[in-house]
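Thanks for coming, everyone; I would like to walk through the ligand site first and then through one helix packing. Please have the model open while I talk.

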Amino acid sequence: MSGRVDFSGVQSTMLVTLYLRALESRSEDSILRDQAAVEAARRIDYDWRKLQQPGLASNRFGVALRAKQLDDWAADFLRRNPDATVLHLGCGLDSRAFRLDRPAGVRWFDVDLPDVIELRRELYPEPGDYRTIGASVTDPAWLADVPADRPVLVIAEGLLMYLPTVEVERLLRRITDRFHRGELIFDGVAPWVAGFTQRIPERLRKGYPPYLTPLRGGRDVERWDPRLRYVEDVAVTSQFAKIPDRTVRAVYRLMSRFPALRDWLRLVRAEF
Ligand SMILES: C[S@@+](CC[C@H](N)C(=O)[O-])C[C@H]1O[C@@H](n2cnc3c(N)ncnc32)[C@H](O)[C@@H]1O
C-alpha cells in the first residue's frame, strides 16, 4: 500500500462502513461473511482506533443487514439478467462485485470519487468485465463512457442521502434516459434522521457530512424520476431476527414496532 490513509468529508464515511463490515464478518455467526472487507481493513494503513468509539460497533449489524438485502436483490436481478450492466455508485471499498456470484456476462462498474477509486485500485484487482470509474456521480461526463446496450442494475448504498435532492433527480434521470430498462436498489434515511444530522453542530458529527436527501417513502423515487416505478421497500430494523447478538436483536425488535423508529433506514427497489 502506498502509505497512510486518511480521508475527510463524505469520503471518510466509507472507512466506517468498511470497518463495520470487517468487524461483523470476523464473527462466526456473521450475517454478511465479507472476507474481502476483513482483508482490505487489514491491508489499509489507517488508524482504526479512531473508529473504536462507544456504541459504533453495534452498528455493524445494521450495515451487514443493509448490505445483505442489497446483495440478495442484486443477485436476483443478475439471475434474471445475466448479461446486465451494473452501476455500483458510491461503492467506497465495498467488495460486492467479488462477494456476489457474478454471471460471466455481467459488466460491472464501481464508481466513486477519484481519491477513493485510487485507493480501491491498490486493494482490489480489476479482472475481465469489471472496471472502476473515479468521478463524481453528479458529473454527467462519466456515464457517456458506459455502454447502454444492456439492462442496468443501479446500486447506491449509503450514497443518495449525501446528495442534494436536485442532484439525485438529475442522476436518476440521466440513467433512465440512457438505458432502456433496469432496476435501482438503494437505501434512504427517514426525514427526522436527516433533519437531526443537519441540526447538530459539525463538531458532534465528527466531520461527517449531514444527510441532505431524506426518504419519506419508497414512492419518493417516482417523484425524483417519473420513469421509475416503486416495487418494494424493506426496513432494516424489520430484519432483527437475523441478528445474532441478543441485546441488539431486542433493540431492533423494539424499534420495529414503532413506524418512526422502524423506518429510520429503509431499502428500496424500483424499476423502469
Ligand atoms: C457511506 S459511504 C458508502 C460506501 C459503500 N457503498 C459502502 O457501503 O461501504 C458513501 C460513499 O459515497 C461516496 N460518494 C459521496 N458522494 C459522492 C459523489 N458525488 N460521487 C461519487 N461518490 C460519492 C463516498 O466517497 C463514499 O465512498
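Around the ligand there are 20 residues, counted when a heavy atom lies within 4 Å of it, and Thr17, Gly90, Asp112, Val137 and Glu157 come nearest. This is a predicted model, in which local features need pLDDT of at least 70 and side-chain atom pairs count only at pLDDT 80 or more, while totals for chains, interfaces and linings use all residues. Residues are numbered from 1 along each chain as its sequence is written, and side-chain values use heavy atoms, with hydrogens and water left out.

Turning to individual atom pairs, a polar side-chain atom of aspartate 112 lies 2.6 Å from a ligand oxygen, one of threonine 17 lies 2.8 Å from a ligand oxygen, and one of arginine 21 lies 2.9 Å from a ligand oxygen. The protein covers 96% of the 590 Å² of accessible area (Shrake-Rupley method, 1.4 Å probe) that the ligand has on its own.

Helix H1, residues 13–25, gives the largest share of the shell, four residues; helices here are DSSP runs of H or I with at least four residues, numbered from the N terminus.

H1 also packs against helix H3, residues 60–80, at an angle of about 90° with the axes 9 Å apart, the axes being lines fitted to C-alpha atoms over the stretch in contact and the angles running from 0 to 180 degrees between N-to-C directions. The two helices, H1 and H3, are therefore roughly perpendicular, a label that covers 65 to 115 degrees. On the H1 side the contact (heavy atoms within 4.5 Å) includes Thr17 and Arg21, and on the H3 side it includes Arg60 and Val63.

Terms used. A polar contact is a pair of N or O atoms within 3.5 Å; within protein, one must be able to donate a hydrogen and the other to accept it, and residues adjacent in sequence count only if both atoms are side-chain atoms. Angles under 35 degrees count as roughly parallel, over 145 as roughly antiparallel, 65 to 115 as roughly perpendicular and the rest as oblique.
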